[in-house]
Amino acid sequence: PNWRLVVMPLRTPRFGRSGKLSLLHATKHTTKTTMTCNTKLILCAAVLPAISSLAIGGRRLRKNIKMPDPVPREGIDEVIKTMESGKLFRYNVASKEESQVSLVEKEFSDFTGHKFAVGLNSCGSAIFLMLKCAGAQHGDKVLTNGFTFTAVPSAIVHAGCDPVYVETTPGYVVDVADLEKKMDANPDCKYFIVSHMRGKLASMDAIKKLCDAKGVELLEDCAHSLGVLWNGGHSGHHGTMAAFSSQSYKMLNSGEGGFFVTDDDYAAARCMAYAGAYEALADKHYCRPCDAALAKVMDGSIPNFSLRMHEGTAAMLRPQIKTIEARRAEYNERYYRIAAQLNALPGCSVEDQLPQVTIVGDSVQFNVEATALGDDLDAGADAFLAKCAARGLPVERFGSGSNARNFKNWKYAKAPECGLPVTADIISRAFDVRLPLLFEEEDFEIMVEIIQESLAEVAAGELEVKEQEVAYAR
């Protein structure tokens, strides 16, 4: 009773930094004497569970869950070469073959199967330009998901338009029945931006058919759906235009960046003009629209918004495109295993995507039954988040008062008249966790363990988060 055992990851240089080597310290409480075992101990898998069980409150996650996919060495080298050349502006080249942006546009469009791609400074800019290229005018109404990221309605407002929100389903995709209802209630609404939030695709064939029948132009926000397939083909082909992202938490990582894609020469030409391809600069695009489209568009009637992609951004993106399919396979193998474990927890469910969809499982979302969160849903949900955070796992609640995916926080635009009661209920019990590529198997075991134990404590009415001393953590 007078001795305690503390196991910690080794940080002494003479023994290296391997997490599998530890020092064993025995400290007697009754004196200030500390006895240290000088023997290097290799803690085998059979021993670690016993050691971790000594911790009050269970194991902690020590790694950063916001860890993005790294830029490959090839991309880093190309960025350095680009900086050394000083040619950081995409048009500061003699020909399209010398422009990193022109090259990445060609490689990106080849990958997704689109005729044209225009590299931009962000996906938000691409969404904004989709509306401009579609001909949206100030005051026009634009339908979009009631559950999406704030960048989507923000781009609608940026274009001078008014968002009209559509209810979501428990699978976080747009409700097609409510979409039709909103179309009928807003016959003057001629645009619908469908957002594939967290890479989840709605019934796209049905949506395309409905939009065609109602005379509504379909545009796709594919920020989260690069690599996601619909019946074997890439997302972004149901709409006339689509927007992709290369922000850090996406399948392409350049910090910021985006692509506008289309199969229409005139839309591509308009996008190039808005982005900043003035005078004869269109000739420095591999994905060059036809002469007729350029002649019609490049007449000075379109303002230059200077939304071009940076040469360094393109240089770091090019090698990443080559690895999307391999990374998708790795993500998905882990996703389905973790989703099955979460589905097995009481009151917890991970919704399946449609059978037509090939997913990219770089994150997992799960719904929790209201009864599992107690009589006060908000208090229970907050306690669950706090318990997870106390053990190193930041879990996001889509319906929280600070989440940028909660439509109630989009105060820059008019609130939905109906209040979106279905969406509000769903996101109040919907939680989100990233599954970083560089995490190891034990990290995911700890993540599931934290979610399981935190939910169990909340379900038992234990809402208080106590200070916890953790004996072992990876």
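Student: How many nonpolar, polar and charged residues does the lining of the second largest pocket have?

Tutor: This is a predicted model, in which local features need pLDDT (the predictor's confidence in each residue, from 0 to 100) of at least 70, side-chain atom pairs count only at 80 or more, and totals for chains, interfaces and linings use all residues. A pocket is an open set of points on a 1 Å grid over the protein atoms alone where a 1.4 Å probe fits, with protein on both sides within 12 Å along at least five of seven lines; lining residues have an atom within 4 Å of a point. By class (Asp, Glu, Lys and Arg charged; Ala, Val, Leu, Ile, Met, Phe, Trp, Tyr, Cys and Pro nonpolar; the others, Gly among them, polar), the second largest pocket has seven nonpolar, one polar and five charged residues in its lining.

Student: Which element gives the most to the lining of the second largest pocket?

Tutor: Residues are numbered from 1 along each chain as its sequence is written, and side-chain values use heavy atoms, without hydrogens and water. Elements are DSSP runs numbered from the N terminus: helices (H or I, at least four residues) and strands (E, at least two). At least two lining residues come from each of α6 (176–185) and β7 (162–166). With four residues, the most is given by β7.

Student: Which residues lie nearest the centre of the largest pocket?

Tutor: The lining of the largest pocket divides into 14 nonpolar, twelve polar and ten charged residues. Of the 36 residues that line the largest pocket, those nearest its centre are Arg198, His224, Gln247, Tyr249 and Lys250.

Student: What is the mean pLDDT of the protein?

Tutor: A pLDDT of 70 or more is reached by 86% of the residues. Over residues 1–56, however, pLDDT stays under 50. The protein's mean pLDDT is 89.

Key
Contact = heavy atoms within 4.5 Å.
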